[in-house]
Amino acid sequence: MNLPNKLTIGRVIAVPVFIVLYLKELYLAALIVFILASLTDLLDGKIARKYNLVTNFGKIMDPLADKILVYSAFCLMIGDKTIPAWMLIVILAREFTIAGMRTVAAAEGIVIAAAMSGKIKTVLQMIAVPLLILMLAVKANPALYQPVWFAAQIFLWASMIMTVYSGIEYVVKNIQVFKDRN
């Protein structure tokens, strides 16, 4: 197994560690684990492309590892009311729609490539989550809490806008997937 794939697996393994730390309200430790796991996403892709180590495993697991990490955080944040549940529902609706479209397209021999808007959405989510965790970590300090809360809200809402936009973009660009071929 090559290094990029090991980094991807490391990101998945980091998720339970992150979850335990978050649930124990060890927010700074959870924040560090989340950031380190997020950084492996940047690193594995760069290494894979630079050294021609792109694999089918990586193509499947890299985006899946991102989703497991980010959506685990969002699930935890629903539990403690850091974010409203409807946000995760919108995110998951987009993900299920695109996954379904990709499955149908693959059965027809069509590959639906990741769009830049989807990558931007992921980056915005990976910035929003650490800010939301930091917000919890500094909750007792009003001088720190307010600016962190504000920044967290900006990135959370920006990620929601990109979630909806990228979902619409995928559907519009790949509408042929919905048409019967008979």
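1. A quick term before we start: a residue counts as buried under 20% relative accessible area, exposed over 50%, and partly exposed in between. Trp157, at 40%, is therefore partly exposed. Keep in mind that we're looking at a predicted model here.

2. Trp157 has a ring partner, Trp86. Their ring centres sit 5.7 Å apart with the planes at 50°, so this pair is tilted. Trp86 belongs to helix 4 (residues 85–107) and Trp157 to helix 6, so the pair ties together parts that are 71 residues apart in sequence. Like its partner, Trp86 falls in the partly exposed group, with 42% relative accessible area.

3. How many aromatic pairs are there? The count comes to 4. One of them joins Phe18 and Phe34: the centres are 5.6 Å apart and the planes meet at 55°, so this pair is tilted too. Phe18 is in helix 1 (residues 3–23) and Phe34 in helix 2, so you can follow a link between distant parts of the chain, 16 residues apart.

4. Are those two Phe residues buried or exposed? Phe18 is buried, at 0% relative accessible area, and Phe34 is buried at 0% as well. Ring pairs also bring in Tyr22 and Tyr27, giving a cluster with Phe18 and Phe34.

5. Now have a look at the surface. Ile32, Ile35, Leu36, Leu39 and Leu42 make up a nonpolar patch there, together offering about 470 Å² of accessible area. Leu42 is found in helix 2 (residues 27–50).

6. Last stop: Ser159, in helix 6 (residues 142–173). This residue is buried, with just 1% relative accessible area. Leaving aside residues up to four places away in sequence, Ser159 touches Lys121, Leu124 and Gln125.

Notes:
Residues are numbered from 1 along each chain as its sequence is written. This is a predicted model: local features need pLDDT of at least 70, side-chain atom pairs count only at pLDDT 80 or more; totals for chains, interfaces and linings use all residues. Side-chain values use heavy atoms; hydrogens and water are left out. Patches are made of residues with over 30% relative accessible area and no salt bridge: like charges are joined within 9 Å, nonpolar side chains (Val, Leu, Ile, Met, Phe, Trp, Tyr) within 5 Å. Accessible areas come from the Shrake-Rupley method with a 1.4 Å probe; for residues, only the protein chains shown count as cover. A salt bridge is a side-chain nitrogen of Lys or Arg within 4 Å of a carboxyl oxygen of Asp or Glu. Helices (H or I, at least four residues) and strands (E, at least two) are DSSP runs, numbered from the N terminus. Buried means under 20% relative accessible area, exposed over 50%, partly exposed in between (1.4 Å probe, protein chains only). Contact means heavy atoms within 4.5 Å. Rings of Phe, Tyr and Trp (its six-membered ring) pair if their centres lie within 6.5 Å; planes under 30 degrees apart count as stacked, over 60 as edge-to-face and the rest as tilted.
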